[in-house]
Amino acid sequence: MKKMKLPMAIGLLLAWPIATGLTLPLRGPLPKSRPEIAAPAPETNTVMSSQGTAGRDAAGIAIPQNKPTPPVAKQGIAGEEPEASSSAAEAKDTGSTADPQHQEAPLETGGVAKDDAPGDGKATDAEPAKQTVPADPPPPAEEPEALAACLADLRAIGASFETEPAIDGDTGCGMAAPITLKTLLPDVLLEPEATLRCETALQLARMTRDMLKPAAEAAFPDRKALTGIRHASGYVCRNRNGAETGKVSEHAYGNAIDIAALRFGDEEMPVLIARQDDGTAEAAFQRAFNAIACLYFTTVLSPGSDATHQDHMHLDVIERKSGFRYCR
């Protein structure tokens, strides 16, 4: 029975389209024709293969095009007007009313035309003023309030000094408000006189009064009191360590002084290289001097710290980030 039902079901399925009028078309839809690739414009920089097909090799793989060659400016010919440049379009966008028949000269770095026409010297939007950095900048200006306070403190300590006109040396050397320091304290001379910034002089006077004199009295009770400090260098326009090239020394800004010796009455004691195994009073005093100086100056190069500081102590007040100090 089941075998008879299966053929009947298949027959009904085959007869159903005929009975209902549903038949398959004799020919299916044709695919659309492949679109043609437009040929490149004549001025396009197209690469030709060895077989002569533009932009493809023998296998039909596209060949990368070369970087387009920028257009070459036409040479001016007598009687012809130059072509309008892109600056004319930019002038329209910015609202400028430049003459379209006038082509401006090309701009150099800084925005100044190579061929400047005479005028009133005022900068315009079309010709921005050239900002130049002077090769020899003026010395940094002193803040008036800070300078006045420094000079007042220096007088209060008992220092003797004279204010001087500004020094504007070569390559940025100089000081806006130099002073000539003669004595650090009423009973302590600076030998010889030194030209410095007030801040440098004030720190040296404070160190001498608060630390150096008491330390000398403790180390040398049998000697006369400290009566003088001999220096080897104050203001001088030079590079660091006297080198021909490199960074400018802090001496060139009046920020530094080199201490060569201390004088006790008629006796002079040079600054020493204090060895750690030296137990003399002189060595102990020198080690104390090295530590004391770093409380007042941001740079301390003690005797023996390097090859160029064997017989003097370099002190300066250079400003560093976060109050960092360099002490050797």
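Axes here are lines fitted to C-alpha atoms, for helices over the stretch in contact, and angles run from 0 to 180 degrees between N-to-C directions. The model is predicted: local features need pLDDT of at least 70, side-chain atom pairs count only at pLDDT 80 or more, and totals for chains, interfaces and linings use all residues. Residues are numbered from 1 along each chain as its sequence is written, and side-chain values use heavy atoms, with hydrogens and water left out.

**Exercise 1. Describe how helix 4 packs against helix 5.**

Step 1. Find the elements. Helices (H or I, at least four residues) and strands (E, at least two) are DSSP runs, numbered from the N terminus. Helix 4 covers 198-219 and helix 5 covers 281-293.

Step 2. Take the axes. They come within 10 Å and cross at roughly 165 degrees.

Step 3. Classify the angle. Under 35 degrees counts as roughly parallel, over 145 as roughly antiparallel, 65 to 115 as roughly perpendicular and the rest as oblique. So helix 4 is roughly antiparallel to helix 5.

Step 4. Give the hand. A crossing is left-handed if the near helix is turned anticlockwise from the far one by less than a right angle, and right-handed if clockwise. Helix 4 and helix 5 cross in the right-handed sense.

Step 5. List the contacts (heavy atoms within 4.5 Å). Helix 4 brings Met-207, Met-211, Leu-212, Ala-215, Ala-216 and Ala-219. Helix 5 answers with Ala-281, Phe-285, Phe-289, Ile-292 and Ala-293.

**Exercise 2. Do the same for helix 3 and helix 4.**

Step 1. Their axes come within 10 Å and cross at roughly 30 degrees. That angle makes helix 3 roughly parallel to helix 4.

Step 2. The crossing is left-handed.

Step 3. On the helix 3 side, the contact residues include Leu-147, Leu-151 and Leu-154. On the helix 4 side, Cys-198, Ala-201 and Arg-209 are among them.

**Exercise 3. Map the largest nonpolar core.**

Step 1. Define it. A nonpolar core is a set of buried Ala, Val, Leu, Ile, Met, Phe, Trp, Tyr and Cys residues joined through side-chain atoms within 4.5 Å. Buried means under 20% relative accessible area, exposed over 50%, partly exposed in between (1.4 Å probe, protein chains only).

Step 2. Count. The largest core has 45 residues. Those with the most contacts inside it are Leu-154, Leu-184, Leu-204, Met-207, Ile-259, Leu-262 and Leu-315.

Step 3. Trace the contributors. Elements giving two or more residues include helix 3 (144-157), strand 4 (179-185), strand 6 (226-233) and strand 7 (256-264). Helix 4 gives the most, with nine residues.

Step 4. Look at one member. Leaving out residues up to four places away in sequence, Leu-154 touches Ala-159, Phe-161, Ile-179, Cys-198, Ala-201, Leu-202 and Ala-205.

**Exercise 4. Work through three salt bridges, starting with Glu-142 and Arg-197.**

Step 1. State the rule. A salt bridge is a side-chain nitrogen of Lys or Arg within 4 Å of a carboxyl oxygen of Asp or Glu. The count comes to eleven.

Step 2. Glu-142 pairs with Arg-197, the closest N and O atoms being 2.7 Å apart. Glu-142 lies in the loop between helix 2 (86-94) and helix 3, and Arg-197 in the loop between strand 5 and helix 4, so the pair ties together parts 55 residues apart in sequence.

Step 3. Lys-213 meets Asp-187 at 3.0 Å, N to O. Lys-213 sits in helix 4 and Asp-187 in the loop between strand 4 and strand 5, 26 residues apart. Lys-213 is buried at 16%, whereas Asp-187 is partly exposed at 43%.

Step 4. Glu-267 pairs with Arg-223 at 3.6 Å. Glu-267 is in strand 8 (residues 267-270), and Arg-223 in the loop between helix 4 and strand 6. Shared partners join Arg-223, Glu-267 and Glu-282 into one network.

**Exercise 5. Inspect His-231 and the peptide bond from Glu-191 to Pro-192.**

Step 1. His-231 is in strand 6. His-231 is buried, at 10% relative accessible area.

Step 2. Contacts of His-231 include Glu-191, Pro-192 and Ile-259.

Step 3. Most peptide bonds are trans. From Glu-191 to Pro-192 the bond is cis, with omega near -10 degrees. Pro-192 belongs to strand 5.
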